[in-house]
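I sat down to look up a few helices and a sheet in this model. My notes follow in the order I checked things.

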Amino acid sequence: MPKKCSFCGVNEDIDNRLLAGEDVYICENCVISAYKIFFGDIEEIESEQTLEEVELFTPKELKKVLDDYVIGQDDAKKVFAVSVYNHYKRIFKQHEVENDDTEIQKSNVLFIGPTGSGKTLMAQTLAKFLDVPIAIADATSLTEAGYVGEDVENILTRLLQVADGDVKKAEQGIIFIDEIDKIARMGENRSITRDVSGEGVQQALLKIIEGSVVNISPKGGRKHPNQDFSQMDTSNILFICGGAFDGLDDIIKRRIGNNTLGFNQEKRGEKENDEIFDLVEPDDLVSYGLIPELIGRLHSFATLNQITKENMVEILTKPKNSIVKQYKKLFAIDDVELEFEDEALLSIAELALKRKTGARGLRTIMEEIMLDVMYELPELSGYKVIITEEVVTKSAKPIYSKNLKKSA
């Protein structure tokens, strides 16, 4: 005679096993139902258990990590390191201090600096080091709800996907929004009728940046009534916004009185553009076109300097995952030694500066230079390849020589 659950009367089967007692049985489904009655929803309990505390590193330790991957930008790296340290200290440690009803607010960061100066790389580096999920979004692709484009909430969906669907882990992640300057309100010289990705997007961003519970679609896309939603609390998500803010220097100069008085007089407050950005104030950003409420949620400002030719050479060679080191490893796999002459590296840096794409343009230039030699690479085993200045500037062939060290 088959065994039956003493509570619901169902027969035992592979999918619903029975737990035996003295002359009584209880099935797996009844055990789960009883657990929910006494302790609440199992999924919520499991979700809470997946939350792991992020290891706290000091600002100096965080900056040291950034130094290994990002060249220069010391002031920006300090601001970022302190902000990240304070953010996770606020999440995990503030309960250890005597409770006096003081609530520490999170400090989101605004990076101001030219394209390719290292804004995104800093966020990626620390997120990887801290083992927290990071989502990177381009503000130019965001539009107000109801317009063709990407909803602001899709940034949260992206973060959830990076966290492998773990809502609790996503709720302590990092979101980097690049090109934030491109959604500034339309200025005096532009049409006031088009603001699809302007003030409306800023208002939508404000909601998630300041901290709120948002319904998001786990799969992304536009919302519709019959869709399943996940709820995400953004209170403990660190938001980092970045932008080049072209023209902001003129606004700052007007504010500090950078005008000429009389003949042969120096301009008052005259500074290089890099130094000008160090003087930025919230009112300057309002004049640029960001709404005051959004600026009020971006508490820490960090300015990044224009990359110099010397910086470019260091970026090519010094970081742990520098482009030159990557190419040398790529060649070594085919038993080929690769060497760059100093003049060649300087020429590559000059090309990148002319293209005005910052450090991210270095990879494209290197691919162009190395294409022909990589085409022949499998046949060059045992050789040494030297990249000279002429290879970069005149498309000459590299110097090939038999690697005497290996042949010996």
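**Helix α5.** I started with the length of α5, residues 119-130. At 1.5 Å a residue, its 12 residues should span 16 Å, and the end C-alpha atoms lie 17 Å apart, which agrees. I keep in mind that this is a predicted model.

Next I asked which residues of α5 are buried. I found Lys119, Thr120, Met122, Ala123, Thr125, Leu126, Ala127 and Leu130. A lysine is on that list, Lys119. An α-helix has 3.6 residues a turn, so residues three or four places apart point the same way.

What covers these buried residues of α5? I noted helices α3 (59-69) and α4 (74-93) among the covering elements. Strands β3 (109-112), β4 (134-138), β5 (174-178) and β8 (238-243) are also included in the cover. I then stepped past the end of α5 and reached Asp131, where phi is positive, near 60°.

**Helix α15.** I ran the same checks on α15, residues 342-355. This helix has 14 residues. From first C-alpha to last it reaches 20 Å, close to the 20 Å expected at 1.5 Å a residue.

Its buried residues are Ala344, Leu345, Ser347, Ile348, Ala349 and Ala352. The cover over them includes helices α13, α14, α16 (361-376) and α17 (389-393). Strands β10 and β11 are included too. Just after α15 I looked at Lys356 and read a positive phi of about 55°.

**The α13-α14 pair.** Both helices had turned up in the cover of α15, and I looked at how they pack. Helix α13 covers residues 309-317 and α14 covers 323-333. They pack at an angle of about 35°, and their axes are 4 Å apart. On the α13 side, Ile315, Leu316 and Thr317 make the contact. On the α14 side I listed Ile323, Val324 and Lys325. By class, that contact has four nonpolar residues, one polar and one charged.

**The β10-β11-β12 sheet.** Strands β10 and β11 were also in the cover of α15, and I traced their sheet. It is an open sheet of three strands, in the order β10-β11-β12, with mixed pairing. Which strands stand at the edges? They are β10 (337-340) and β12 (399-402). Each has a single partner strand, so one side of each is left without a neighbour in the sheet. The twist averages 20° from one strand to the next.

Last, I checked how β11 (residues 383-387) joins β12. Four bridges link the two strands, which run antiparallel. I found Tyr383 opposite Lys402 of β12.

Conventions
Residues are numbered from 1 along each chain as its sequence is written. This is a predicted model: local features need pLDDT of at least 70, side-chain atom pairs count only at pLDDT 80 or more; totals for chains, interfaces and linings use all residues. Side-chain values use heavy atoms; hydrogens and water are left out. Axes are lines fitted to C-alpha atoms, for helices over the stretch in contact, and angles run from 0 to 180 degrees between N-to-C directions. Contact means heavy atoms within 4.5 Å. Ala, Val, Leu, Ile, Met, Phe, Trp, Tyr, Cys and Pro count as nonpolar, Asp, Glu, Lys and Arg as charged, and the others, Gly among them, as polar. Two strands pair if DSSP finds at least two bridges between them. The expected span of a helix is 1.5 Å times one less than its number of residues. Buried means under 20% relative accessible area, exposed over 50%, partly exposed in between (1.4 Å probe, protein chains only).
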